[in-house]
Amino acid sequence: MVEDGVKILSNVVASSLPLHAKTGGIIPETAAREQLRLMIPTVEKALLESKLKPQDLDAIAVTQGPGLLGSLLIGVETAKTLSFVWNKPLVPINHLVGHVYANWLENPSPPKFPNLTLIVSGGHSELVIAGNHGDFEWLGGTRDDAAGEAFDKTARVLGLTYPGGPAIQKAAASHKHIDNSLPRPLHDSGDFDFSFSGLKTAVVNKASNKRFSDQETADFAASIQEAIVDSLLNKTLKAAKKYNVKELLLAGGVAANARLTEKARESFSGKVHVAPPKLCVDNGAMIAAAAFFNYKPVPWQDVQADSGLFF
Ligand code: KG4
Ligand code: ZN
């Protein structure tokens, strides 16, 4: 529950991560079933923590896409039902736009326009420029794996737990040496695209038939993290320069990475916005914030989950 797009009254997150950790990644059907089980209790808890009653709400925001269809359907159909029963406007939100608006939550100096956002999550790595609320221009994105996927897949090769991003960051903290020879593809490609599949292959090749000591694992994790961060920031800085933007926003689960924020602040001369880690990863408050600043209600009968939705 969010007030005026910036103040969090409650932000209850029901996570199925422990189940995905057991299988080393997300099985879409497991995620959807768990979401179905936890959906109503989560809405109830969010109301309870905010001390609001359904009649106090101005509107309901819901993620329409992109994402896993089973999970999107459960969220969208629940929101449509609540919109009908409570007689509240329903605002469908693009999940990627939702990540951008985590930067407005509880931020005493929120982003100014124009700005550039690097959206890096489990399924996306995109660069978008915004002239105003809702006025996004897509500049480029990954041609293969997303940055989060690169963390998750390489962590698995190192024998680290899912999700791989936090596991690699934790292991990397005790590194002594960084190997800068890991690939940073498309470095001088002249566009704003990313590619991470070559990094994954290089990590698999380097790790094949080897057993690593804890120190070697820490060094390898730090080298992977550095390669991903370098690839992301190389294109981000080029885009910031070309479009002459003074504000950079980091968004999505990978924005929780401390090395990414640190290196962005070292290398970008303007202001870098990044939400606290718990608001970078998936949460409901960011979707509510996006709905406040992009208020376009749609009759509930017309709202459809769309796994392929893009900007
Ligand atoms: O945005 P998100 O919560 O879910 C999607 O919409 O995909 O992002 C999840 C991704 C996972 O790939 C996870 O490994 C990554 O974000 N992630 C991190 C960190 N925390 C989460 N990657 C690097 N460093 C972190 N600290
Ligand atoms: Zn997300």
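1. A good place to begin in this predicted model is the side chain of D152, where a polar atom sits 2.7 Å from an oxygen atom of ligand 1. Two backbones also take part in the picture: a polar backbone atom of G165 is 3.0 Å from an oxygen atom of ligand 1, and a polar backbone atom of G148 is 3.2 Å from an oxygen atom of the ligand. Taken on its own, ligand 1 has 550 Å² of accessible area, and the protein covers 86% of that.

2. Next, please look at the whole shell. Ligand 1 is surrounded by 19 residues, and the closest of them are H99, G122, D152, Q169 and D282. Sorted by class, the shell holds 11 polar, 6 nonpolar and 2 charged residues.

3. Which elements give two or more residues to this shell? They are helix 4 (95–101), helix 5 (147–157) and helix 6 (164–172). The element that gives the most is helix 6, with 4 residues.

4. It helps to step back to the domains here. The domain assignment splits the protein chain into domain 1, made of 2–100 + 281–302, and domain 2, made of 109–274. Their C-alpha centres are 27 Å apart, and the contact between them takes 15 residues from domain 1 and 14 residues from domain 2.

5. Where does ligand 1 lie with respect to domain 1 and domain 2? The shell around ligand 1 receives residues from both domains, so the ligand lies between them.

6. Helix 9 deserves a visit of its own. This helix spans residues 258–267, and R259, L260, T261, K263 and A264 within it are buried. The buried residues pack against two kinds of element: the strands are strand 5 (115–120), strand 8 (247–251) and strand 9 (271–274), and the helix is helix 8 (214–242).

7. Stay with helix 9 for a moment and find its N-terminal end. The cap there is N257, which has a side-chain oxygen 3.1 Å from the backbone nitrogen of R259. R259 is also one of the buried residues of helix 9.

8. Two peptide bonds are worth checking in your viewer. G65 and P66 are joined by a cis peptide bond, with omega about -5°. You will find P66 in the loop that runs between strand 3 (60–65) and helix 3 (69–86).

9. The other cis peptide bond to visit joins Y162 and P163, and its omega is about -5°. P163 belongs to the loop between helix 5 and helix 6. Both of those helices were met above, among the elements that give two or more residues to the shell around ligand 1.

10. Please also look at the backbone of D4. Phi of this residue is near 55°, a positive value in a residue other than glycine. D4 sits in the loop between strand 1 (2–3) and strand 2 (7–8).

11. My last stop is L186. Although this residue is not a glycine, its phi is positive, at about 60°. L186 is placed in the loop between helix 6 and helix 7 (197–207). Is L186 buried or partly exposed? With a relative accessible area of 23%, L186 is partly exposed, because the limit for buried is under 20%.

Definitions and conventions
Residues numbered from 1 in each chain as written. Chains lettered and ligands numbered in written order. Predicted model: local features only at pLDDT ≥ 70, side-chain atom pairs only at ≥ 80, totals over all residues. Heavy atoms only, no water. Near = heavy atom within 4 Å. Polar contact = N/O pair within 3.5 Å; in protein donor to acceptor, adjacent residues only side chain to side chain. Areas by Shrake-Rupley, 256 points an atom, 1.4 Å probe, with all protein chains shown as cover. Nonpolar A, V, L, I, M, F, W, Y, C, P; charged D, E, K, R; others polar. Domains from an automatic or database assignment. Buried < 20%, exposed > 50% of the residue type's maximum accessible area, 1.4 Å probe, protein only. Contact = heavy atoms within 4.5 Å.
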